[in-house]
Structure formats: C-alpha cells, structure tokens
Amino acid sequence: MAGIDNIIQQIRQESMDTVRQMEADARAQADAIQKSCDAACQEILKDAQQARQAQAARLLEKEHSRILMEEKNADLALKQQMIEETMQAAVQKLCTLEDEAYFRLIMHMVRQFAQAADGIIYFSEKDHRRFPKDFQKSLDGVSQAAGGHLTIAEECRPVDGGFILAYGGVEINGSFSALFWSREEELRDLLNGYLFDERTEGGGT
C-alpha cells in the first residue's frame with residue numbers, strides 16, 4: 001500500500017506544481033496584458049492631448065483672424081465715414097461762401113457746362129433771393145461765348161448749391177453734391193491719401 005500512497009502523493013505534488021506554474025504563467029500573461037493596455041492608454045491619452053492642443057491652436061488662430069478682420073472692417077468703416085463727412089463738409093463750405101465768391105464760382109461752372117444752344121438754368125430759392133445785380137447780363141455773356149443762351153427759370157429747384165441746366169428735354173445736374181459724387185472715386189482716393197497717409201500719421205514728415 002505504501003507504494004500506491006507514494007504514487008498518489010507524487011501525482012498530487014506534480015498536479016500542484018502544474019497548477020502553480022499555470023497560475024504563474026497566467027499572472028505573467030495578465031501583467032503583460034496590463035502593461036500593454038497601460039501603454040496603449042498612455043498613447044491614446046497623448047494623442048488626445050495633442051489633438052486637443054491642435055484644435056485649441058486652430059480655434060485660437062481662427063479667433064485671432066476674426067478679430068483682425070473685425071478691426072480691419074471697423075477701421076475701413078471709420079475711414080469711409082471720415083471721407084464721407086469731409087466731402088459733405090466741403091459741399092457745405094461751398095454752399096456757405098460769401099455771395100460774391102459763390103456767384104463767381106457759379107459763373108466758372110456755367111462756362112464748363114454751357115452748350116451752343118438755348119437753355120434754361122434753375123437755381124435754389126436761396127440763390128433767387130441773392131442774385132447779384134445784372135446777374136442775367138453776366139450769364140448772357142458766358143452762355144453766348146459758348147454759342148448759346150441761358151434764361152434763368154422762375155421755378156426754383158431743391159439743390160444744395162449750384163444749378164441745373166436744361167437743354168430741351170435733357171437736364172444737366174450742376175449742383176455741388178452732384179459734382180462731388182460724379183467724381184466720388186477720384187475724390188475718395190485723394191482724401192484717403194490726404195487723411196490717412198502713413199507718412200503723415202503720428203506727426204511724421
């Protein structure tokens with residue numbers, strides 16, 4: 001019987017050794033899997049962090065571009081407003097000239113617009129009240145020099161200064177506002193260079 005007991009004891013020992021080895025192998029495999037998972041998680045976290053940083057950088061750049069565009073648009077709007085106000089002030093300045101200087105300018109403008117035909121010239125109610133003496137005579141001299149004749153209309157027109165010429169069915173707007181806006185782009189370029197020339201900003205020379 002002792003031989004059988006020894007065999008059983010040996011088998012039991014070998015089984016226990018096998019179980020211990022299997023447990024050790026399982027733990028080793030589990031450790032390896034855990035390390036692999038930890039490494040993968042670290043890599044995923046690293047990629048996620050880099051992705052967040054890249055996204056944050058893109059959002060920051062986008063916001064910066066938006067702010068720059070808003071500043072540029074605001075600056076452009078301010079410049080356009082200043083140019084607009086300057087042009088309006090120039091028109092108002094012409095409208096408030098002293099009578100002598102005002103009608104001297106009117107005569108100069110009539111010379112530019114007069115045609116070799118009979119026409120009618122319209123003025124504002126304000127100008128009708130302040131025509132200089134012999135104004136029609138002076139007008140005749142200018143219009144006849146162009147080969148035509150202009151008659152001052154009794155009807156007033158709501159112009160802010162200047163006049164309106166009518167030759168037949170064709171009217172020529174010689175008001176100050178119309179003259180300014182007909183050369184709007186040219187005047188805007190001129191005023192833009194004058195008002196916002198970088199060489200003169202900040203007191204430079």
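A charge is taken to sit over a ring if NZ of Lys or CZ of Arg is within 6 Å of the ring centre and within 35 degrees of the ring normal. By that criterion, the charged end of Arg157 sits over the ring of Tyr122, 4.1 Å from its centre, in what is a predicted model. The protein has 205 residues, of which buried residues make up 23%, and it contains 6 helices and 4 strands. Read from the N terminus, these elements follow the order α-α-β-α-α-β-β-β-α-α.

**Aromatic rings**

- The structure holds 9 aromatic pairs, and one of them is formed by Phe103 and Phe135, whose rings meet edge-to-face with 5.2 Å centre to centre and 65° between the planes.
- Because Phe103 belongs to helix α2 (residues 99-113) and Phe135 to helix α4 (residues 135-145), this pair ties together parts that are 32 residues apart in sequence; both Phe103 and Phe135 are buried.
- A further edge-to-face pair is made by Phe113 and Phe163, with 6.1 Å centre to centre and 85° between the planes.
- Phe113 lies in helix α2 and Phe163 in strand β3 (residues 162-167), so the pair of Phe113 and Phe163 ties together parts that are 50 residues apart in sequence.
- The two partners differ in burial by the usual cut-offs, since buried means under 20% relative accessible area and partly exposed means between that and 50%: Phe113 is partly exposed at 22%, whereas Phe163 is buried at 0%.
- One aromatic cluster is formed by Tyr102, Phe103, Phe113, Phe123, Phe131, Phe135, Phe163 and Phe176, and Tyr102 also has Arg130 over its face, at 4.0 Å from the ring centre.

**Strand β3 and its partners**

- In strand β3, 6 of the 6 residues are buried, so the strand is largely enclosed by the rest of the structure.
- Gly162, Ile164 and Ala166 point one way from β3, while Phe163, Leu165 and Tyr167 point the other way, and all are buried.
- Strand β1 (residues 118-122) runs antiparallel to β3 and is joined to it by 3 bridges; within this pairing, Ile120 stands opposite Ala166 in β3.
- Strand β4 (residues 170-175) also pairs with β3 in the antiparallel sense, over 6 bridges, and the bridge partner of Tyr167 in β4 is Val170.
- The hairpin of β3 and β4 has 2 residues between the strands, and in this hairpin Gly168 takes a positive phi near 65°.

**The largest pocket**

- About 210 Å³ of space lies in the largest pocket, which is lined by 11 residues, the closest to its centre being Leu105, Met109, Leu179, Phe180 and Arg183.
- The elements that give two or more residues to the lining of the largest pocket are α2 and α5 (176-182), and the largest share of that lining, 5 residues, comes from α2.
- By residue class, the lining of the largest pocket divides into 8 nonpolar, 2 polar and 1 charged.

Conventions:
Residues numbered from 1 in each chain as written. Predicted model: local features only at pLDDT ≥ 70, side-chain atom pairs only at ≥ 80, totals over all residues. Heavy atoms only, no water. Phe/Tyr/Trp six-rings, centres within 6.5 Å; stacked < 30°, edge-to-face > 60°. Buried < 20%, exposed > 50% of the residue type's maximum accessible area, 1.4 Å probe, protein only. Pairing = 2+ DSSP bridges. 1 Å grid on protein atoms, 1.4 Å probe; cavity = no way out; pocket = protein on both sides within 12 Å on 5 of 7 lines; lining within 4 Å. Points joined across faces, edges and corners; volume = space filled by probe spheres on them. Nonpolar A, V, L, I, M, F, W, Y, C, P; charged D, E, K, R; others polar.
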